[in-house]
Structure formats: C-alpha cells, structure tokens
Amino acid sequence: MSKKRWVSIGLCWIGLIAGAGGSLRAAESVPNFQAEFQSVGGALRKAPLPEYPGVLDQKLRPLLRRVRASLIEGGPRAEATMRGVLLGAKELLAIEDVEAAMLAAYAVAAEPELAVRVLRTLSETDREELASYLFAGTSSCGEGDPRKPSLLRLEIAMAPLLDELILKADEEAAAEVNAPASPSRK
C-alpha cells in the first residue's frame, strides 16, 4: 500500500477514536439531575405551607426547564439524563402535589418514548410508582393549558405500560381472593 493510503487509514482511526472519546465525555458530563431532585424534594418537604409556592417556583420549575431542554437536545446522554430524572422524581412522590407531578410529567414528555423505555428498565416498584406518578401528572392538566398536547403524547406512550401494570394488579388481587384462607387458631 502507498504511504497516502496508510495516512488515510490512520486519520480514519484517529477520527473514530476521537469521536468515541467525545461520546464518552458527553455521557460523563450528564448533569446530576437525580441529586438535584433530591435537594429540591427535600426543600419542598421542609417548606412551610405559606412558602411552598415560592420554593416550587424558585427551585423545581427551573430544574424541570433544564431537564426538558436537556432531553430535547438529545444526543448520547439523553438516556442517562432520563434515568437520573426519573429516579430523582421519586423524591417528589412524598410531596403528593399534583402540580409538581404535572411539571415533572411535562419535563419528561419532551421524549415520551424514551421515558417509557427507561421506565421499563427500572425496578418493578420504581416502575409502578413512577408510572402512576407521571400518569397523575398528565391527568391533572386542564384543557386550556398549552402543555396538554405534550402530556397527552406522554400518556399515549405510557398506555401499554399502564395497561400491563393494571393487569398485574388485577391478577394479584384475584390471586389474593382465591387463595385458601389460613387456618384459624383454636
């Protein structure tokens, strides 16, 4: 082979290696949304009722705007971002605030199919809790709200997963009803 051909092959390998390194660096630079959700969730839980709306506006809304922007940006870190967001959103479950649920659902609705794909990789308990939480968020949005179309797309993407969870719960309930009663002590 000629020297030019070897140089071309070498440059291709360098380009491939540099490209892979760039992807690895991008994956490593995923914001730590899970830790941020823990911090925000803690602040919301500790906030006295009169201060709660202010904490929601000052801490949760900006975090969810960044989450949505990061998911819309996509790229190699989107799946890691979604995983961190969903696991971090568990912190919001204890608050039991439908507005927080709706805001979280709207953030992950930027990539509904990715949200469902990542939900399916989580533990069974996390999957059930988070799917129910996101569904509550999608359902709490009013008709005139401009976020409604995005939330509907998330709800439609989640429908098969929600159906599976409902069927599983029905089967478990039927099994409990049909289980033989434990012998009573006399």
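**Arg117, helix 6 and the pairing of helices 3 and 4**

At 47% relative accessibility, Arg117 counts as partly exposed, because that class lies between the limits of 20% for buried and 50% for exposed residues. The structure described here is a predicted model. Arg117 belongs to helix 6, which spans residues 112-121.

Other positions of helix 6 are buried, namely Pro112, Leu114, Ala115, Val116, Val118 and Leu119. Both sequence neighbours of Arg117, Val116 and Val118, thus appear in the list of buried residues. The cover over the buried residues of helix 6 includes helix 3 and helix 4, together with helix 5 (98-108), helix 7 (124-139) and helix 8 (148-178).

Arg117 also leads the reader to Met82: the C-alpha atoms of these two residues are 9.7 Å apart, although 35 residues separate them along the chain. Met82 lies in helix 4 and takes part in the contact with helix 3.

The pairing of these two helices may be considered next. Two packed helices are described by the angle between their axes and the distance between the axes. For helix 3 (residues 52-73) and helix 4 (residues 78-93), the axes come within 10 Å and cross at roughly 155°. An angle over 145 degrees counts as roughly antiparallel, and helix 3 and helix 4 are therefore roughly antiparallel to each other. Their crossing is left-handed.

On the side of helix 3, the contact is made by Leu60, Val67, Ser70 and Leu71, which meet Ala78, Thr81, Met82, Val85 and Leu92 of helix 4. By character, the residues of this contact comprise 7 nonpolar and 2 polar ones, with no charged residue.

Note on methods
Residues numbered from 1 in each chain as written. Predicted model: local features only at pLDDT ≥ 70, side-chain atom pairs only at ≥ 80, totals over all residues. Heavy atoms only, no water. Axes fitted to C-alpha atoms, helices over the stretch in contact; angles between N-to-C directions. Helix = DSSP H or I, 4+ residues; strand = E, 2+ residues; numbered from the N terminus. Parallel < 35°, antiparallel > 145°, perpendicular 65-115°, else oblique. Left-handed = near helix turned anticlockwise from the far one by under 90°. Contact = heavy atoms within 4.5 Å. Nonpolar A, V, L, I, M, F, W, Y, C, P; charged D, E, K, R; others polar. Buried < 20%, exposed > 50% of the residue type's maximum accessible area, 1.4 Å probe, protein only.
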